[in-house]
Amino acid sequence: MMNRRDWLKAAGAAGVGAAMPAALHGAESPSMGGNAVVKTELKRLLLRHTWTTTMSSSAYRDTIHLQYERDGITGFGEGAPIVRFKEYPEQAKQAIDAIAGQIGARDPKKFDKFLADVRRSLGDGQHAAMAAVDIAVCDWLGKKLGIPLYQYFGLDPADAPVTTFSIGIDTPEITRQKTREAEDFPVLKVKVGLQSDEETIEAVRSVTKKPLRVDANEGWTDKEEAVRKINWLETQGVELIEQPMPAHMFEEIKYVRSKVHMPVIADEACTEASMIPRLKEAYDGINVKLDKSGGMMEAYRWIKFARAMNMKVMLGCMISSSCSVTAAAHLSPLVDYPDLDGNLLIANDPYEGVKVRKGKLILPSGPGLGLKILAS
Ligand code: MG
């Protein structure tokens with residue numbers, strides 16, 4: 001198997017690496033290769049509230065946006081690199097720009113081989129870049145066929161379930177305010193994993209009685225503490241717990257699961273489809289994200305694989321625009337627990353796509369992703 005460096009050497013020799021210098025300058029780098037033009041751009045998404053989890057705290061997120069133009073049709077894609085997996089926006093853009101010639105030269109109708117080759121050329125650790133390419137090619141295909149992507153996957157948009165709205169870690173006062181702002185959502189997801197967990201849940205409960213799902217983002221490192229916290233959460237109307245302990249603490253998580261009643265979902269611990277059988281020993285389900293799987297096609301495979309293992313499926317997203325979130329939403333009729341609110345947390349969404357009505361995901365019916373491009 002060729003790694004990215006080898007491919008670049010080979011590509012340079014063949015002359016298709018000419019896109020590279022452009023990638024090193026300028027925010028936008030169109031690269032003509034074969035029949036498609038591939039353009040990448042980093043967009044800064046401004047957060048409505050400073051977003052805090054056990055991982056990070058920030059006022060904005062940069063995501064990579066990709067346009068795939070061929071036959072007068074443009075497909076749009078987006079990837080939100082996950083810092084936890086050492087992926088970063090600038091590197092994701094460089095990785096795509098370096099193979100833009102290869103991407104442009106391939107036949108999108110033979111997408112299975114095409115996308116597998118792109119994945120190989122991007123190399124390990126470029127899942128968000130892969131997602132941007134995959135989503136843009138899926139959008140292009142749907143537009144070319146004249147059908148929305150949910151239809152391409154054979155799904156009924158009426159089956160799109162209710163999504164959660166996430167409440168990040170904050171002071172009790174801000175937590176109460178955020179909970180009030182989320183009144184349209186029948187189920188909330190609350191971020192915990194710090195010393196202030198009880199305070200956070202009590203702040204939410206002082207405003208609402210609706211069901212809660214909780215994400216500890218690997219925050220608890222003592223298995224007895226994790227059991228104690230989850231048993232307490234069980235008295236607070238919490239329906240599931242996501243990644244209670246660090247991903248590598250497999251035996252401890254198995255222990256925790258044996259002592260609690262609510263489903264335990266793997267998020268940070270699930271990064272490859274091949275892990276799913278082993279994860280079943282410690283978890284009840286997995287959280288699928290396009291930025292972990294590398295796009296819609298592989299996310300679909302994860303979902304089907306987890307289903308074949310009789311596991312629960314959650315469908316999550318990173319903080320990203322309506323491009324990536326709408327792509328995930330097209331697969332939502334297949335899952336138990338959608339958690340697709342990343343676009344609702346930003347103030348300058350460049351697209352309009354999936355909508356949420358009383359928490360229910362409303363899929364756009366236009367071809368491909370069905371996005372409307374707003375002025376950026
Ligand atoms: Mg999570």
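Trainee: What makes Asp71 count as buried or exposed?

Mentor: Asp71 has 11 other C-beta atoms within 10 Å, so it is exposed. The cut-offs, with C-beta atoms placed from the backbone, are 20 or more other C-beta atoms within 10 Å for buried, 12 or fewer for exposed, and partly exposed in between. This is a predicted model, in which local features need pLDDT of at least 70, side-chain atom pairs count only at pLDDT 80 or more, and totals for chains, interfaces and linings use all residues. Residues are numbered from 1 along each chain as its sequence is written.

Trainee: Where is Asp71 found, and what is notable about its phi?

Mentor: Asp71 lies in the loop between strand S3 (57-70) and strand S4 (73-79); strands (E, at least two residues) and helices (H or I, at least four) are DSSP runs, numbered from the N terminus. Its phi is near 50 degrees, a positive value in a residue other than glycine.

Trainee: What makes Asn310 count as buried or exposed?

Mentor: Asn310 has 9 C-beta neighbours inside 10 Å and therefore counts as exposed. Asn310 sits in the loop between helix H14 (296-308) and strand S11 (312-316), and has a positive phi of about 55 degrees although it is not a glycine.

Trainee: How do you know whether Val256 is buried or exposed?

Mentor: Val256 has 23 other C-beta atoms within 10 Å, so it is buried. Val256 belongs to helix H11 (residues 250-259). Leaving aside residues up to four places away in sequence, Val256 touches residues including Lys223, Val227 and Pro244, where contact requires C-beta atoms, placed from the backbone, within 7 Å. The C-alpha atoms of Val256 and Val227 are separated by 5.6 Å, although the two are 29 residues apart along the chain.

Trainee: Why are H5 and H6 called roughly parallel or antiparallel to each other?

Mentor: The axes of helix H5 (residues 111-122) and helix H6 (residues 127-145) come within 10 Å and cross at roughly 160 degrees. H5 and H6 are therefore roughly antiparallel, the classes being under 35 degrees for roughly parallel, over 145 for roughly antiparallel, 65 to 115 for roughly perpendicular, and oblique for the rest.

Trainee: What shows that the buried residues of H9 line one face of the helix?

Mentor: In helix H9 (residues 197-205), Asp197, Thr200, Ile201, Ala203 and Val204 are buried. Seen down the axis of H9, these residues fall within an arc of 155 degrees, so they line one face; the arc is that of the directions from the helix axis to the C-beta atoms.

Key: Axes are lines fitted to C-alpha atoms, for helices over the stretch in contact, and angles run from 0 to 180 degrees between N-to-C directions. Two residues are in contact if their C-beta atoms, placed from the backbone, lie within 7 Å.
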